[in-house]
Amino acid sequence: MQIVNKRYELSNGVDPLALCEKYGTPLYVYDAHIIERQFNRLQNAFDVPHLSLNFACKALTNVSVIKFLKQLGAGLDCVSVQEIKIGLAAGYQPEEILYTPSGVSIAEIEEAMEIGVHLNADNIPLLEQLGAMGVKNPLCIRINPDVMAGAYEKISVGHLASKFGIAYSQIGQVKEVVRKGRLHIEALHIHIGSGIYDIQAFIDGAEVLMKLAMDFPDLNYLNFGGGFKVAYKAGDKQTDIETFGKVMSEKFNQFCKKYGREISLHFEPGKFFVSEAGYLLVPVNVVKESPTQVFLGVNSGQNHLIRPMFYEAYHRIENISNPLGDRVKYNVVGYICETDDLGKNRMISQAKTGDVLAIYNAGAYCYSMSNNYNSRFRPAEVMVYNGQDYLVRKRETMEDLMRTQTMVEVK
Ligand code: LLP
C-alpha cells in the first residue's frame, strides 16, 4: 500500500478507507496481486526441469486465499488434519497435499493417511510404527540438517537442539528402520527456520540433504522447506531470491545428474507468498499523552496481531487517514489488558481519534495466530483482486464466542 495522488492505495487504485467503511474495522485486507507477484517471482527464480511450490498454509489459513494460491499453481503444505480439510475444501486433491506433523498422535496420522495425503515423517518411532503397520504409501522423511538460521531464536528450527526432524547423524538408524519396515521413501525434506535472508544457510541445509539423498534410490523429489525473508521495513534485509534460485538450480541440476534421474525440486514458503500482501487496518480509539509518551490506543491488540509481543517483531505502521501529515513520535498500543505494544517510538503522521492506521506485513502469521483473549471478536478478512473486493471471512459475533461453551450450574 502506498501513497498515490495524496492517498494510500492498494493495487488497482483500491481505497483501503472505503473498505473500512464497507466492512467495518478492525479489518484484515489481502492484496492478491502481491501474492501473485511473489508466486511468479519464486517460480521464475529457478531453472530446473521439475519445480513444485507448495504454500505453507499455517501462515494464512483462509480457504479463499488457499484457493487463490491453488489457481496460481501452488501445492499445499499442511501441519494438521484440520489444515488438510481446509485444503480439501479449497479444491486440493489429497495427493497434492504434503502433511508435515510434529509429534502428533498416531490417530491423527492414520486419519490423514486415510484421506490420502502424503506424509512427512519427522521421528524414528513414527517410521517404526508405520513399518509395523505395513504402510505402503510413499513417504517423505524430515531431516534436521543442524543448520542454525532464522529471524528469531523461536523460529530457528534446523539445529540439533530443536524438536524438528530426524538428526542427519541418525540416518544409519533411519535406513535400518526403512529396510526392516519395507517402507517406500519417495522424498526427503528439511525446513531450517523462518525469516532467513542468508542464502548460504539454505545452501548448507540443501547440501546435507542432497548428500543423504544418494542413499535413497526411489526419490521423486527433495523438499527444502520455506523460510525466505521478506522486508518488514524500508531497507530491511531480505532473501535474494533471484541469486538463490540461480545457485540452487545449478546445485540441484548437478545433483540430479549424479543421482541418475531428474527428480523434482520442492519448496514450501508461507511468509514469502503472503506476508507483504496483508494489512491490518485499525482505528485510533484514543490519543493519550503521558509526561513522557504519546500513546495511540487502537481498536485492536495482541489478540489480532501477536508477532510484536511474541517475537518483538517489527511491523511498519502508517496513518492512512492523514497520508501527508507531519510526523509525530507515537507508541501504538492495543486495548488488551496486558502490555501489547504494536509499535514503539514510531514516527507516524499526526493522528486523531477515528483515524485508521495500517499495520503492514499482516499477511503471514497474523490472522492465523490471532485469538479471543479478553473475549474480543476476531476481525473480518477481505481479499482484493483486479479492483474487486471479496469478503473472505466474516467478523466474529457473540454467538461465535458462546458456541462451544455450555452453561452448567454446579451443585
Ligand atoms: N515448512 C515447515 C515445515 C514449517 O514449519 C514452516 C513454518 C514453513 C514451511 C513456512 O515457513 P515460512 O516460509 O513462512 O518462513 N510464526 C512465526 C513463523 C513460524 C514458522 C513455522 N513454520 C512468525 O510469525 O514469524
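This is a short tour of one structure, going from its domains to its ligand.

The model is predicted, so that local features need pLDDT of at least 70 and side-chain atom pairs count only at pLDDT 80 or more, while totals for chains, interfaces and linings use all residues. Residues are numbered from 1 along each chain as its sequence is written, and side-chain values use heavy atoms, with hydrogens and water left out.

Begin by colouring the two domains, whose bounds come from an automatic or database domain assignment: domain 1 covers 2-24 + 278-362 + 364-402, and domain 2 covers 33-273. Where they touch, the contact (heavy atoms within 4.5 Å) takes 22 residues from domain 1 and 19 residues from domain 2.

Next, select the ligand, which lies between the two domains because both of them give residues to the shell around it. Show the residues near the ligand (those with a heavy atom within 4 Å of it): there are 17, and the closest are Ser194, Lys271, Arg307, Tyr311 and Tyr365.

Now look at single atom pairs, where a polar contact is a pair of N or O atoms within 3.5 Å. At Ser194, a polar side-chain atom lies 2.4 Å from an oxygen atom of the ligand, and at Tyr365 an N or O atom of the side chain is 2.6 Å from a ligand oxygen atom. Then select Glu268, where a side-chain N or O atom is 2.7 Å from a nitrogen atom of the ligand. Taken alone, the ligand exposes 580 Å², of which the protein buries 91%, with accessible areas coming from the Shrake-Rupley method with a 1.4 Å probe.

Note on methods:
Polar contact = N/O pair within 3.5 Å; in protein donor to acceptor, adjacent residues only side chain to side chain.
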